Amino acid sequence: MSRLLPLLAFIALALLLFVGVRMNSGKDNSAIPSPLLGKTAPAMRLPELVLPESRIGIADLKGKAYVLNVWGSWCVSCRVEHPVITELAQSGTMVVGYNYKDSPEDAARWLARYGNPFALVVQDRDGQAALDWGIYGAPETFVIDAAGVVRFKHIGPLTPEIVQEKILPILQEAP
Amino acid sequence: MKNIFAALLLLTGFLCSGTAAALDPIDYQSPAEEQRFKALAAELRCVMCQNQSIADSNAPIAHDLRMEVLRLMREGRSDDEIKQYLVERYTDFVLYEPPMRGGNWLLWMGPFVLLLIGGIAVAAVIRTKNKQSDAAGNGATGEDW
Amino acid sequence: MLPELGQMALLIAFVLSLLLGTLPLWGAQRGNVALQLTARPLSFALLAAVTVSYILLTVAFVQHDFSVAYVAKNSNTLLPVMYQVSAVWGAHEGSLLLWVLTLCVWIAAVAVFSKNLPDVVRARVLAIMGLVALGFLAFTVITSNPFERMLPAPLEGHDLNPLLQDPGLIFHPPLLYIGYVGFSVAFAFAIAALIDGHIDTRWIRWARPWTNVAWAFLTLGIALGSFWAYYELGWGGWWFWDPVENASFMPWLVGAALLHSQATTEKRGSFSSWTLLLAIAAFSLSLLGAFLVRSGVLTSVHAFASDPDRGMFILAFLCCVVGGSLVLFALRAPKEAGKPFHWQSRESLLLLNNLLLTAAAAMVLLGTLYPLLADALGLGKVSVGPPYFGKLFLILMAPLVLLIPFGPLSRWQRENLSDIARWLAPWLALAVLIAVIAYFRAPQHPLKSAMAWFSGIWLALGTARFVWHRFAQSQGRFTAEIIGMVTAHAGVAVFCFGALMTEGLSVEKDVAAKPGQSFEVGDYRFTFLGVTEVAGPNFIAQRGDIQIGIGERHLGILHPEKRQYASGGSSMTEADMHGGLTRDLYVALGEPTDNAGGWALRLYVKPFVRWIWFGAILMALGSLIVIFDKRFKRKGNEA
């Protein structure tokens, strides 16, 4: 019987590794889940980036569901997900831009060049406020419902599938 | 998509491979503060460069977290409070030492359980051999080398 | 043209390994001597084919053949020649080819040095090694062909990762691979013995030197990697418990247990099944290491770019090799047949030794895979790092450190441990005394400092006591085995002292330095003179000048650099250090703090850090000395 033990132990190990390889195919396995899910979003006390297209102020976010997108002009993947964000905004969703570790000039220039899908852009130049959100890089995207509760977080660029399957259902809930 | 992930991974790898020392000249208020800060920073994981503590990592977020830790320390919070503050924002993952919680029991106790089982097996073998030895009347001590 | 030849050589090698893996094995099963004798020529032919392939890949690098995708990704025309050669193993495909080449060299070596072995045994051993080669060649040819063309060929390649452009990184992978792959010899032996059905101590005696050589090279490879990380990465660390480091450490621990177990089985006939199991485990862990590094299952700064397909292939290979061996073990492991022994004896001590080493390896495996396990079971994301590994390793190794001096002094079969305790007691007391003094005198981390002194002195004096005992006992008859053992155990003493002293008493300061400013760190003075720009072969660097001194003495000027490579990417830190026997002085450059020449600097004093690697070298040396013992020169068919 004891002769079988090493083999049994190895089988357990191999199973674990098999699951591991399957789990990690193609997705970024270093993403940390958000502890904010189900909790009230941190109060937004950041300065707004004044742009001609800005339609609302921070106070207007109260009572409405919105998507918070963390981006920076230095962030390569943000450019990649930009069309997805733009389409999301054009379909009527309120998308708030969280400009992370960026200068206002660079941010404004980036938006002028690639288009501004954001109803509002808040500015976090030194990244201190980002710690409250558990942000550690860009792009990251949060979905906050009308009650102000964080319902979803995605790390990495958004894809149409994620928007379709994860984000829209939350936004379409009755207020 | 796969290419983007690959590129991201490479970029992270480059950032996190220690290409620049995680340097932060800090004016410590006292040697005790310096020691406490360094000890605390070594116990917190960099959430970007995930196999380094925030003391070792040169990722921007590591710098931010170090400054935050220093700020919280100077506010008068205890080590546990500071850790809790960060866990609330980044989950248990930010603790470099896995907390003794839930499933982590397996992690911390596992090696000792294995040692115990191995020890029992070894003891059994020694006992058998000892009995055989006594039966064979091996009174004399054995060879040297 | 040449790359296609290289590819063809690989395919030829694949076929040869298939033949090597099957014909002699069949011959051994059927008693067909002619088939058994095909093993040696096939081994040499295999080596020739793989060597040709490897040389052609190197030629592609040196000739800047960027039509070969692997060459384009890992080198460019500005790369210095020696790095063009070492770039061959700088990424996945090429390093895999190096693995295969190393394996074939070992196979050929076994073919050459096995004249004392019966044909049947040699045939089995070489065939099993051939099967391993077959697996790796299949992996290379199917998923990781280094000769794949990229057309149209780019005019200039990317760069070898600047981190790898370093002399240390030239030798680190080859040394490691020699070690990992070398365990395949003991493994092949174990399988051959299991197939045969009985284990013969003569075959163990034959296998021992091979295991010792493999373990020695693994030790050197790990030590070099550690030293490289220390001087290259810029923050003075020497071991990070990173998954890839752990992947090399596990076979090392089990290999150490294997060395001791093989010696016991050879001399006393005991524990033959445990020795077989350890041999299987050591090589399995080597294979597991290869899997972890290349499959993307674990996050590590070390890992090659991950590819799940490759991961699956290696996993399948792992299952065949390890699963197959363990099935064989379950079915045919021999019954315990060795000489009996009293509970007070060297055998018992060695059993404890192996138990502790194996438990440590299991701990490292658990910690390394735990994040994966937690994720798979939905327990959330956990991270396991130095706070876990470091603590548990110390706890598990402490009893071992206590026991080591008892081992050599005990006799086989029966010993009076109270006698030995009496001999060693004064030295134990001395070690404790010095440790207590160190505890109260340490400026920081008193416990680590005390442990450093205790382990260093206890191990050194305990081993010296044995040497004295031997002189007195046998008029100074020291076999190579004994000399090797003493050297290796002394190496453990040196290592423990260095590691614990560095961890306990290192001082580090981050400063914002203005030109002309001096800083005191420990007893030493660092004066910042300024930063100038210099150009290298393929980079431009900001070079700092820091003068170091102690008291009145001027020790020299250190030149840490921040390099920007022509191939782009973020800048690289090259720390500079003043190495010494009792301490290292170490400086790394940060960022400019202002526009007036001020820079952030990190200054270190690291006591006894070099003892870490001296200790490792002694351990490797000891292991190598053992193979010259006369007992291994006896003919294989003598008892």
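Mentor: The expected span of a helix is 1.5 Å times one less than its number of residues. Keep that in mind as we look at this model, which is predicted.

Trainee: What span is expected for helix α18 of chain C at 1.5 Å a residue, and what does the helix reach?

Mentor: Helix α18 (residues 480–505) of chain C has 26 residues, and 38 Å is expected. From its first C-alpha to its last, the helix reaches 37 Å, which is close to that value.

Trainee: And what makes α18(C) count as mostly covered?

Mentor: A residue is buried when its relative accessible area is under 20%. In α18(C), 22 of the 26 residues are buried, and the helix is mostly covered.

Trainee: Let's try chain B. What reach does helix α4 of chain B have, and what is expected?

Mentor: Helix α4 (residues 79–90) of chain B has 12 residues and reaches 16 Å, close to the 16 Å expected. Its buried residues are B:I82, B:K83, B:Y85, B:L86, B:V87, B:R89 and B:Y90. Their cover includes α4 (130–133) of chain A, along with α2 (31–42) and α3 (60–75) of chain B. Right after α4(B) comes B:T91, with a positive phi near 65 degrees.

Trainee: Which elements make up chain B as a whole?

Mentor: Chain B has 5 helices and 0 strands, and from the N terminus on the order reads α-α-α-α-α. Of its 145 residues, 46% are buried.

Trainee: Why is B:D56 called partly exposed?

Mentor: Partly exposed covers the range between under 20% and over 50%. The relative accessible area of B:D56 is 24%, so B:D56 belongs in that range. You will find B:D56 in the loop between α2 and α3 of chain B. B:C46 is 10 residues away from B:D56 in sequence, and their C-alpha atoms are 8.5 Å apart.

Trainee: Now chain C. Why are α1(C) and α3(C) roughly antiparallel to each other?

Mentor: Angles over 145 degrees count as roughly antiparallel. The axes of α1 (residues 2–30) and α3 (residues 39–62) of chain C cross at roughly 160 degrees and come within 8 Å. The two helices are therefore roughly antiparallel. The residues of this contact divide into 20 nonpolar, 4 polar and no charged.

Trainee: What angle do α1(C) and α7(C) pack at, and how far apart are their axes?

Mentor: They pack at about 150 degrees, with axes 7 Å apart. Set against the cut-off of 145, that makes α1(C) roughly antiparallel to α7(C). By class, the contact has 19 nonpolar, 5 polar and 1 charged residues.

Trainee: At what angle do α14(C) and α17(C) pack?

Mentor: Helix α14 (residues 386–403) and helix α17 (residues 446–474) of chain C pack at about 30 degrees, with their axes 10 Å apart. Angles under 35 degrees count as roughly parallel, so an angle of about 30 degrees puts α14(C) and α17(C) in that class. Here C:L394, C:V401 and C:L402 in α14(C) meet C:M451, C:F454, C:S455, C:W458 and C:L459 in α17(C). The contact has 7 nonpolar residues, 1 polar and no charged.

Trainee: What sets the phi of C:F271 apart, and where does C:F271 lie?

Mentor: Most residues other than glycine have a negative phi. C:F271 is not a glycine, yet its phi is positive, about 55 degrees. C:F271 is in the loop between α10 (243–268) and α11 (272–295) of chain C.

Trainee: Is C:F271 buried or exposed?

Mentor: C:F271 has a relative accessible area of 3%. The cut-off for buried is under 20%, so C:F271 is buried.

Trainee: Why does C:H445 count as it does, buried or partly exposed?

Mentor: At 42% relative accessibility, C:H445 falls between the two cut-offs, so it counts as partly exposed. C:H445 also has a positive phi, near 45 degrees, and lies in the loop between α16 (417–441) and α17 of chain C.

Trainee: Which peptide bonds are cis, and what is omega there?

Mentor: Most peptide bonds are trans. The bond from A:A138 to A:P139 is cis, with omega near -5 degrees, and A:P139 sits in the loop between α4 and β4 (140–144) of chain A. Another cis bond runs from C:L151 to C:P152, with omega near 0 degrees. C:P152 is in the loop between α7 (119–143) and α8 (167–196) of chain C.

Definitions and conventions
Residues are numbered from 1 along each chain as its sequence is written. Chains are lettered from A and ligands numbered from 1 in the order in which they are written. This is a predicted model: local features need pLDDT of at least 70, side-chain atom pairs count only at pLDDT 80 or more; totals for chains, interfaces and linings use all residues. Side-chain values use heavy atoms; hydrogens and water are left out. Axes are lines fitted to C-alpha atoms, for helices over the stretch in contact, and angles run from 0 to 180 degrees between N-to-C directions. Helices (H or I, at least four residues) and strands (E, at least two) are DSSP runs, numbered from the N terminus. Angles under 35 degrees count as roughly parallel, over 145 as roughly antiparallel, 65 to 115 as roughly perpendicular and the rest as oblique. Ala, Val, Leu, Ile, Met, Phe, Trp, Tyr, Cys and Pro count as nonpolar, Asp, Glu, Lys and Arg as charged, and the others, Gly among them, as polar. Buried means under 20% relative accessible area, exposed over 50%, partly exposed in between (1.4 Å probe, protein chains only). Contact means heavy atoms within 4.5 Å.
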